[in-house]
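Please open the model in your viewer and keep the sequence panel beside it. This tour goes from one selection to the next and says what is to be found at each stop.

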Amino acid sequence: MPILDSKGRLFGKINLLDLGAALVILLVIIGIFIFPGTSGSVAQVGTKTLPIEVDLVVRGLNIRNPEQLFKQGFSKGGKTNVIIRNQPYGQVGIKSIQQLERTITVPQPDGSVKELTDPRVNNFSTDFLLTLEGRAQVTDNGPVLGNSKVKIGMPFELEGFNYNFNASVIDIRLKDK
């Protein structure tokens, strides 16, 4: 009796392709259960968690009445949902919020430039300076919220009951315990 017959069967009973597929499935199962790999985020390995404050600037938010924004929890002591690089992080506290005065630059006859309050009354563009507070994991590469590094210049998307807009990080402060 030959080892391989004309139909590719081993000893006339087992097809070589079926045997190969069974071996691959067996190796995959062994790889999943015996060597599962690491779990969790890479950012969590060898890190410590510290309180963090992140300053954000919102430029040119088109809104008719900023007070209506504050009535729905977007105020000091409130919470807002943060989305970093299209990854929802969760809620963080609003430590402070400051509405910035709109100004314009006006050239003077002597060639200098002055910054004056914008006299336009129908300007629906508002600027804010926000300070958010939360807890971040500190790695060698900097602070991490969720699975996203926090760096100056990154955009944060803020979302709440009646708002969804972007802000830019302008300062990061880590608080020691």
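A salt bridge is counted here where a side-chain nitrogen of Lys or Arg is within 4 Å of a carboxyl oxygen of Asp or Glu. By that criterion the structure, which is a predicted model, holds seven salt bridges.

**Stop one: Arg-173 and its partners**

Begin by selecting Arg-173 and Glu-53, whose side chains meet in a salt bridge with an N to O distance of 2.9 Å. Arg-173 belongs to strand 12 and Glu-53 to strand 3, and the pair links parts of the chain that are 120 residues apart. Are these two residues buried or exposed? Arg-173 is partly exposed, with a relative accessible area of 26%, whereas Glu-53 is buried, at 7%.

Now add Asp-55 to the selection, and look for a salt bridge between the side chains of Asp-55 and Arg-173, at 2.6 Å from N to O. Asp-55 lies in strand 3 and Arg-173 in strand 12, so this pair ties together parts that are 118 residues apart in sequence. With a relative accessible area of 12%, Asp-55 is buried, because the cut-off for that word is under 20%.

To see the wider setting, select Glu-53, Asp-55, Lys-95, Asp-171, Arg-173 and Lys-175 together, which are linked in a network of salt bridges. Beyond the residues up to four places away in sequence, Asp-55 touches Leu-130, Thr-131, Ser-168, Val-169, Ile-170, Asp-171 and Arg-173.

**Stop two: Val-169**

From that list, choose Val-169, which is found in strand 12, residues 164-174. Val-169 is buried, with a relative accessible area of 2%. If you draw a distance between the C-alpha atoms of Val-169 and Val-54, the separation is 6.8 Å, although the two residues are 115 residues apart along the chain. Which residues are in contact with Val-169, leaving aside its neighbours within four places in sequence? They are Val-54, Asp-55 and Leu-56, together with Lys-151, Ile-152, Gly-153, Met-154 and Phe-156.

**Stop three: the largest nonpolar core**

In soluble globular proteins, nonpolar side chains tend to be buried together. For the largest nonpolar core of this model, which has 26 residues, select Leu-56, Phe-74, Leu-132, Phe-156 and Leu-158, the members that touch the most other members. Several elements give two or more residues to this core, among them helix 2 (66-71), strand 5 (87-100), strand 8 (125-139), strand 11 (155-159) and strand 12. The largest share, five residues, comes from strand 3.

Keep Leu-158 selected and display its surroundings, not counting residues up to four places away in sequence. Leu-158 touches, among others, Leu-56, Phe-74 and Leu-132, and the residues in contact with Leu-158 also include Thr-80, Asn-81, Tyr-163 and Asn-164.

**Stop four: Asp-127 and Arg-59**

Finally, select Asp-127 and Arg-59, whose side chains meet in a salt bridge of 3.1 Å from N to O. Asp-127 is in strand 8 and Arg-59 in strand 3, so that here, too, the pair links distant parts of the chain, 68 residues apart. Asp-127 counts as buried at 5% relative accessibility, whereas Arg-59 is exposed, with a relative accessible area of 59%.

Definitions and conventions
Residues are numbered from 1 along each chain as its sequence is written. This is a predicted model: local features need pLDDT of at least 70, side-chain atom pairs count only at pLDDT 80 or more; totals for chains, interfaces and linings use all residues. Side-chain values use heavy atoms; hydrogens and water are left out. Helices (H or I, at least four residues) and strands (E, at least two) are DSSP runs, numbered from the N terminus. Buried means under 20% relative accessible area, exposed over 50%, partly exposed in between (1.4 Å probe, protein chains only). Contact means heavy atoms within 4.5 Å. A nonpolar core is a set of buried Ala, Val, Leu, Ile, Met, Phe, Trp, Tyr and Cys residues joined through side-chain atoms within 4.5 Å.
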